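Here is a short round of questions on how structural labels are earned. Each answer sets a value against its cut-off.

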Amino acid sequence: MLTDDLIATFSRAQAAFTERVHAVAPDQWQLGTPDTQWAVADLVGHLVDEHRWAGPLLAGLDVDAARAVVAGLGPAGADGAALVRAWDQAAASSAAAFGAGGALTGSVAITRGSVPAVEYLEEMVLDLIVHAWDLGVATGYPEPLPAGPVAAIYPLAQAIVDRTPAGMFDPPVDVGADAPVIDRLVALTGRRPRPA
């Protein structure tokens, strides 16, 4: 995928996650999600953390230095309103970092070592789409994920899952080759698609 197309896919995936964050009702933050280790608040906090890392990493900091920058930002928030604000700030920061000129030409240091920045962005896109799906299922968000980003990242998804450290995803779920693309995508990450 061309880097401009990947940036556009990232932007649309990020927007889909943002829509779902802003739609969380006050009584939904403690609901469980398909990612069984997290409630809704935990899932949003995880994405806040992930996107806070993008700026420091793309600026060339190593993992320890980036961790110090992210830690200096403080916790994402203890209530829904704070989490929404933290997400909006983290999303704007990561969008600016990935969209900066030359951001995708080099490598970034992540926990498994130095990887091409484009690879890092691919992983962030998959993370956004899968967790937007998690959030939508958890809260009953009625709109489907946008088809474009789902279709764009699906051909890369198996390679992304394969290079992810063991234990990050549950074993894939068999949904059949004729299942919708979003169902096949989330099934690769060990999630069972919701019934139609």
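Q: What phi does G74 take, just after α3?
A: In this predicted model, G74 has a positive phi of about 80°. Another glycine does likewise: G190, just after α7, takes a positive phi of about 85°.

Q: Which residues of α3 are buried, and how do you know that they line one face of the helix?
A: V63, A66 and V70 are the buried residues of α3. Looking down the axis of α3, they fall within an arc of 65°, so they line one face. The other side of α3 holds the exposed residues D64, A68, A71 and G72.

Q: What covers the buried residues of α3?
A: The cover includes α2 and β1 (107-110).

Q: What reaches the backbone nitrogen of D64 at the start of α3?
A: A side-chain oxygen of D62 does, coming to within 3.2 Å.

Q: What makes α2 oblique to α3?
A: The axes of α2 and α3 cross at roughly 125° and come within 9 Å. Oblique covers angles outside the roughly parallel (under 35 degrees), roughly antiparallel (over 145) and roughly perpendicular (65 to 115) ranges. The crossing angle fits none of those ranges, so α2 is oblique to α3. The crossing is right-handed.

Q: Which residues meet where α2 packs on α3?
A: From α2 come D49, R52, W53, P56 and L57. From α3 come V63, A66, R67, V69 and V70. V63, A66 and V70 are also the buried residues of α3.

Q: Why is A59 called exposed?
A: The cut-off for exposed is over 50% relative accessible area. A59 has 60%, so A59 is exposed.

Q: Where is A59, and how far is its C-alpha atom from that of V84?
A: A59 sits in the loop between α2 (40-58) and α3 (63-72). Its C-alpha atom is 25 Å from that of V84, which lies 25 residues away along the chain.

Q: Why are α1 and α5 called roughly parallel?
A: Helix α1 (residues 3-22) packs against helix α5 (residues 117-139) at an angle of about 25°. Roughly parallel needs an angle under 35 degrees. The pair is therefore roughly parallel. Their axes are 9 Å apart, and the crossing is left-handed.

Q: Which residues make the contact between α1 and α5?
A: Among those of α1 are L6, I7, F10, A13, F17 and V21. Those of α5 include L121, E122, V125, L128, I129, A132 and L135.

Q: How do you know that E123 is buried?
A: E123 lies in helix α5. Its relative accessible area is 16%. Buried means under 20%, so E123 is buried.

Q: What joins the side chains of E123 and R163?
A: A polar contact of 2.8 Å joins them. The cut-off is within 3.5 Å for a pair of N or O atoms. Leaving aside neighbours within four places in sequence, E123 is in contact with I110, R112, I160 and R163.

Q: Which residues of α7 are buried, and what do they pack against?
A: In helix α7 (residues 181-188), the buried residues are D183, L185, V186, A187 and L188. They pack against α5 and α6 (147-163).

Technical notes
Residues are numbered from 1 along each chain as its sequence is written. This is a predicted model: local features need pLDDT of at least 70, side-chain atom pairs count only at pLDDT 80 or more; totals for chains, interfaces and linings use all residues. Side-chain values use heavy atoms; hydrogens and water are left out. Helices (H or I, at least four residues) and strands (E, at least two) are DSSP runs, numbered from the N terminus. Buried means under 20% relative accessible area, exposed over 50%, partly exposed in between (1.4 Å probe, protein chains only). The arc is that of the directions from the helix axis to the C-beta atoms. Contact means heavy atoms within 4.5 Å. A polar contact is a pair of N or O atoms within 3.5 Å; within protein, one must be able to donate a hydrogen and the other to accept it, and residues adjacent in sequence count only if both atoms are side-chain atoms. Axes are lines fitted to C-alpha atoms, for helices over the stretch in contact, and angles run from 0 to 180 degrees between N-to-C directions. A crossing is left-handed if the near helix is turned anticlockwise from the far one by less than a right angle, and right-handed if clockwise.
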